[in-house]
Amino acid sequence: HQGLGDVVITDVRMPVSAHYSSGLDMLPDIHKARPDLPVIVISAQNTLMTAVQANQVGAYEFLPKPFDLNMLQDYVEKSLLSSGKGSADAQKMQEEEIRDAEHFIGTSPAMQEIYRSLARLVNNDLTVTVIGESGTGKELVARALHQLGKRKKAPFVAINMAAIPRELVEAELFGYEKGAFTGALSRKAGKFEQAEGGTLFLDEIGDMPMDAQTKLLRVLQQGEYITVGGTRLIKTNVRIICATHRDLIQLVKAGQFREDLYYRLN
């Protein structure tokens, strides 16, 4: 309140006062009084939601306990060199969203890094690539990004490239017109159309055929596509999150994955 100091370090669990119930509650008022004052939040509540909430109220950095003192010192030094740009008008998370996101379990350093990465990504529309072995929760990451982001009220649509016959991938993704191929008795909407306004999760992207890769690249570059058998360009507005257990760089070197698409997705 006196406007002194160059950086604030606060815990989340604080003595309850008439004005604030936690350290995070103070941040909007701090940013209103001093927009460039960086705030570093520390907490023993090592969950995804704590990291997300700290990010949403404009924390410069979130450090889970126990942390290395040298790391805290590094963040203090970096914060003093930055402008501490934090959002002062963050929205509070709804209870329903919090329950949806709390499927993540673990307080290990590896999980903490995932929480912090997700917290940085939920409020933007960047394309995200999730890499990990089968069964490690890649779709869980994608759903969390959707449920906590600005597209949460729109559809979340998932498609697994490895589970679809290669010749049908384009039709599944972009839809098809009546008579486009044998058996196409009526028009069918593709995953892009079903996910309009929301998030499209492309699982096992490393198994996508080259022709479909080319069409996906066009969508990422121009925001439009053509259905199989169609002639009209269709505008699309989806966030794309993809996942793979394969080494995409090795696939690029082997000529099995487009290099330009890799950099667009990554």
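This note comments on the strands, aromatic pairs and salt bridges of a model that is predicted.

1. The open sheet. Four strands make up an open sheet, in which the order is β4-β9-β6-β5 and the pairing is parallel. The edges are taken by β4 (128-131) and β5 (156-160), and because each has a single partner strand, one side of each is left without a neighbour in the sheet. On average, and with direction ignored, neighbouring strands of this sheet are turned by 20° against each other.

2. The pairing of β5 and β6. The edge strand β5 runs parallel to strand β6 (residues 199-203), to which it is joined by five bridges. Among the residues involved, F156 has T199 in β6 as its bridge partner.

3. Aromatic pairs. The structure holds six aromatic pairs, and one of them is formed by F192 and Y225, whose rings are tilted, with 5.7 Å centre to centre and 35° between the planes. This pair links distant parts of the chain, since F192 lies in helix α8 (residues 191-194) and Y225 in strand β7 (residues 224-225), 33 residues apart. Both partners are placed in the same class of accessibility, F192 being buried and Y225 likewise buried. Together with F174, the residues F192 and Y225 form one aromatic cluster.

4. A salt bridge between α7 and α8. The count of salt bridges comes to 13, and including the one between E177 and R187, where the closest N and O atoms are 3.5 Å apart. Both E177 and R187 sit in the loop between α7 (169-174) and α8, ten residues apart, and the pair is one that links distant parts of the chain. E177 counts as partly exposed at 23% relative accessibility, and R187 is also partly exposed, with a relative accessible area of 38%.

5. E224 and its two partners. The side chain of E224 meets that of R218 in a salt bridge at 3.9 Å, N to O, and E224 also forms a salt bridge with K235, for which the closest N and O atoms are 3.2 Å apart. The pair of K235 and E224 links distant parts of the chain, with K235 in strand β8 (residues 234-235) and E224 in strand β7, eleven residues apart. As for accessibility, E224 counts as buried at 11%, whereas R218 is partly exposed with a relative accessible area of 36% and K235 counts as exposed at 61% relative accessibility.

6. A salt-bridge network. Elsewhere, E61, E113, R116 and R120 are joined into one network by salt bridges that share partners.

Conventions. Residues numbered from 1 in each chain as written. Predicted model: local features only at pLDDT ≥ 70, side-chain atom pairs only at ≥ 80, totals over all residues. Heavy atoms only, no water. Phe/Tyr/Trp six-rings, centres within 6.5 Å; stacked < 30°, edge-to-face > 60°. Helix = DSSP H or I, 4+ residues; strand = E, 2+ residues; numbered from the N terminus. Buried < 20%, exposed > 50% of the residue type's maximum accessible area, 1.4 Å probe, protein only. Pairing = 2+ DSSP bridges. Axes fitted to C-alpha atoms, helices over the stretch in contact; angles between N-to-C directions. Salt bridge = Lys/Arg side-chain N within 4 Å of Asp/Glu carboxyl O.
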